[in-house]
Amino acid sequence: MRILIVDDERPARDKLRRMLVQEQGVSAIEEARDGVEALEKVASFAPDAIFLDVQMPEVSGLEVAASLPQPAPLVVFATAFDEYAVPAFDANAIDYLLKPFDATRLQRAMQRLRERLATRATQAERQPGLPGAALQQLLVSERGGTRVVPVADIQWLETADNYVILHTSQGAPLLRQTLTDLLDTLGSDFMRCHRRAAVRLSLVDRIDQQGQLVLRNGDLVPLGRNHKADLLAALAAPAKKH
């Protein structure tokens with residue numbers, strides 16, 4: 001089992017690491033000091049499970065949980081505050097550890113992780129290629145902090161060198177990611193319409209005389225010749241269901 005420890009306090013990370021190395025089946029452990037670093041480590045380290053503190057600077061553990069790419073690693077919250085238990089389980093947490101916890105309590109959490117991972121593996125064998133739930137929000141690093149962008153607010157996407165412009169009604173923040181990788185996490189609500197753009201299908205109003213997509217808010221989005229047929233088919237699909 002590959003485990004990521006996320007906590008802004010070094011002593012807490014060290015203590016949990018010492019406890020986890022004693023657990024059977026733990027093959028690798030990585031650490032992150034805050035929510036932004038946690039999401040970077042999720043992408044590079046690909047953990048099976050995350051032990052996640054709740055209260056951290058800039059980005060809380062609950063925000064990290066809501067921003068995990070799908071299929072997401074399993075989450076165990078480890079915190080000194082009991083008032084976050086309900087929202088934690090609403091975020092599909094496997095367990096909620098109250099600091100300070102002992103080895104016996106950690107072992108119960110680890111057993112739950114092993115059982116859930118075994119269930120996931122069985123489901124993957126029976127239903128290969130089954131997609132995970134779509135991402136709920138994105139965390140965008142900006143000067144002076146981190147911006148939370150709900151996926152529901154995104155209207156269309158546009159590439160800009162090594163970034164993606166997230167066009168929303170509240171602005172257009174830049175996310176450092178490729179459009180291809182981002183679309184893999186956003187689900188079927190979005191579709192590429194141009195080599196440099198993708199659009200939320202439900203917001204497309206029409207195609208104008210210049211061959212551009214016109215969104216319901218009036219935004220003009222480029223439509224590439226190679227993507228037009230697939231896009232029209234996707235737009236027509238809901239009508240066929242009724």
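Why is β8 largely enclosed by the rest of the structure? Five of the seven residues of β8 are buried, so the strand is largely enclosed. Buried here means under 20% relative accessible area, exposed means over 50%, and partly exposed lies in between, with a 1.4 Å probe and protein chains only. The model is a predicted one, in which local features need pLDDT of at least 70 and side-chain atom pairs count only at pLDDT 80 or more, while totals for chains, interfaces and linings use all residues. Residues are numbered from 1 along each chain as its sequence is written, and side-chain values use heavy atoms, with hydrogens and water left out.

The protein as a whole comes before its parts. It has seven helices and 15 strands; these are DSSP runs, numbered from the N terminus, with helices being H or I of at least four residues and strands E of at least two. Of the 242 residues, 41% are buried. The C-alpha atoms fill a box of roughly 65 × 45 × 30 Å, taken along the principal axes. The accessible surface is about 13,600 Å², and 47% of that surface belongs to carbon and sulfur atoms; such areas come from the Shrake-Rupley method with a 1.4 Å probe, and for residues only the protein chains shown count as cover. Contact means heavy atoms within 4.5 Å. Among contacts between residues at least 6 apart in sequence, 51% join residues at least 24 apart.

Strand β8 belongs to an open sheet of five strands, ordered β10-β9-β8-β12-β11, with antiparallel pairing. Two strands count as paired if DSSP finds at least two bridges between them. The edge strands, each pairing on one side only, are β10 (174-175) and β11 (190-194). On one side, β8 is joined to β9 by six bridges, and Leu157 has Leu166 in β9 as its bridge partner. Three bridges join β8 to β12, and these two strands also run antiparallel. There, Trp156 stands opposite Val199 of β12. Val199 also has Met191 opposite it, in keeping with the four bridges that join β11 to β12 (residues 197-200). In a regular strand the side chains alternate between the two faces of the sheet.

The link between β8 (154-160) and β9 (163-168) is a loop that holds Asp161. The two strands form a hairpin with two residues between them. Asp161 has a positive phi of about 60° although it is not a glycine. Is this turn residue buried or exposed? Asp161 counts as exposed because its relative accessibility is 78%.

Another positive phi is found at Ala46, where the angle is near 50° in a residue other than glycine. Ala46 comes just after helix α2, in the loop between α2 and β3. Its relative accessibility is 45%, so Ala46 counts as partly exposed.

Helix α2 itself spans residues 35-45, and its buried residues are Gly35, Glu37, Ala38, Leu39, Lys41, Val42 and Phe45. What do the buried residues of α2 pack against? They pack against β1 (2-6), β2 (28-32), β3 (49-52), α3 (61-66) and β6 (137-142). At the N-terminal end of α2, Asp34 acts as a cap, with a side-chain oxygen 3.2 Å from the backbone nitrogen of Val36. A polar contact is a pair of N or O atoms within 3.5 Å; within protein, one must be able to donate a hydrogen and the other to accept it, and residues adjacent in sequence count only if both atoms are side-chain atoms.

Some loop positions remain. Asp7 lies in the loop between β1 and α1 (10-20), and it counts as buried because its relative accessibility is 4%. Leaving aside neighbours within four places in sequence, Asp7 is in contact with Ala12, Arg13, Ala32, Arg33, Asp53, Met56 and Lys99. Lys99 is joined to Pro100 by a cis peptide bond, with omega about -5°. Pro100 sits in the loop between β5 (95-98) and α5 (103-126).

Pro71 is placed in the loop between α3 and β4 (74-79). At 63% relative accessibility, Pro71 counts as exposed. Pro71 and Thr185 are 114 residues apart in sequence, and their C-alpha atoms are 8.7 Å apart in space.
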